[in-house]
Amino acid sequence: MGQSESGEQEVDMSQIQELYATFMQVCPSGTLHLHEFRKIFGIQSTSEEESLYIETIFRSFDTNRDNAIDFMEYVAALHLVLRGKLEDRLRWSFKVYDRDGNGRLDRSEVKHIIRIIYKIKQTDTNMTPAEVCDRIFELVDKNKDGQISLSEFMEGAQKDQWLMDLLKLDVNASGWFIKNWKKKS
């Protein structure tokens with residue numbers, strides 16, 4: 001059941017070998033730093049929003065917070081974006097939203113990511129980031145305490161398709177990883 005869901009996102013052994021070879025070419029030390037992360041994924045924009053977004057993504061994969069992605073963190077990140085279950089991707093999205101790492105989302109954290117998403121992606125809504133944030137809190141903040149817990153986030157995202165599309169930060173990551181890593185090898 002789980003395999004059929006991720007079947008389209010699976011990579012074959014030759015692709016994994018290419019990814020590994022490129023990783024070791026760019027990062028012979030076995031650690032990937034933010035500037036290398038940007039370079040590998042073709043992030044050359046000087047846009048503050050894109051820079052903040054890619055830094056936030058990088059930090060979410062740097063689980064030991066040493067400002068580098070080691071090979072184990074890299075493998076975990078690849079597994080998450082290429083084959084991860086919906087629940088795992090939602091937990092990761094929550095971590096990206098949760099800038100201060102306190103395990104709860106406040107309005108400023110949600111608004112921050114919504115603004116970045118609006119500037120990077122084309123959105124098909126007439127709502128402002130503040131209106132989107134208000135709607136998210138209306139749908140998700142069940143106890144109305146002005147913060148969203150992980151459980152509220154997970155439950156709310158799975159009950160509303162609009163919310164799911166917005167919250168899960170799905171960026172066709174498997175295609176992005178494969179395309180951009182191949183370019184560099």
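Two exercises on a predicted model follow, each with a worked solution.

**Exercise 1. The packing of α6 and α9**

Determine at what angle the axes of helix α6 and helix α9 cross, which class that angle falls into, and which residues make the contact.

Solution. Begin with the two elements themselves: helix α6 covers residues 86–97 and helix α9 covers residues 150–159, and their axes come within 10 Å of each other while crossing at roughly 125 degrees. Next, compare this angle with the cut-offs, under which 65 to 115 degrees counts as roughly perpendicular and over 145 as roughly antiparallel; α6 and α9 are therefore oblique to each other. The crossing in which α6 passes α9 is right-handed. On the α6 side the contact is made by L86, E87, L90, R91, S93, F94 and Y97, while α9 contributes L150, F153, M154, A157 and Q158. Sorted by class, the contact of α6 with α9 consists of eight nonpolar, two polar and two charged residues.

**Exercise 2. Positive phi in a loop**

For R65 and N67, find the value of phi, the place in the chain, and whether each residue is exposed or partly exposed.

Solution. Take R65 to start with: this residue is not a glycine, yet has a positive phi of about 55 degrees, and it sits in the loop between α4 (48–61) and β2 (69–70). Because exposed means over 50% relative accessible area, R65, at 62% relative accessibility, counts as exposed. Turn then to N67, also a residue other than glycine, whose phi is positive and near 65 degrees. N67 is likewise found in the loop between α4 and β2, but with a relative accessible area of 45% N67 is partly exposed.

How values were computed. Residues are numbered from 1 along each chain as its sequence is written. This is a predicted model: local features need pLDDT of at least 70, side-chain atom pairs count only at pLDDT 80 or more; totals for chains, interfaces and linings use all residues. Side-chain values use heavy atoms; hydrogens and water are left out. Axes are lines fitted to C-alpha atoms, for helices over the stretch in contact, and angles run from 0 to 180 degrees between N-to-C directions. Helices (H or I, at least four residues) and strands (E, at least two) are DSSP runs, numbered from the N terminus. Angles under 35 degrees count as roughly parallel, over 145 as roughly antiparallel, 65 to 115 as roughly perpendicular and the rest as oblique. A crossing is left-handed if the near helix is turned anticlockwise from the far one by less than a right angle, and right-handed if clockwise. Contact means heavy atoms within 4.5 Å. Ala, Val, Leu, Ile, Met, Phe, Trp, Tyr, Cys and Pro count as nonpolar, Asp, Glu, Lys and Arg as charged, and the others, Gly among them, as polar. Buried means under 20% relative accessible area, exposed over 50%, partly exposed in between (1.4 Å probe, protein chains only).
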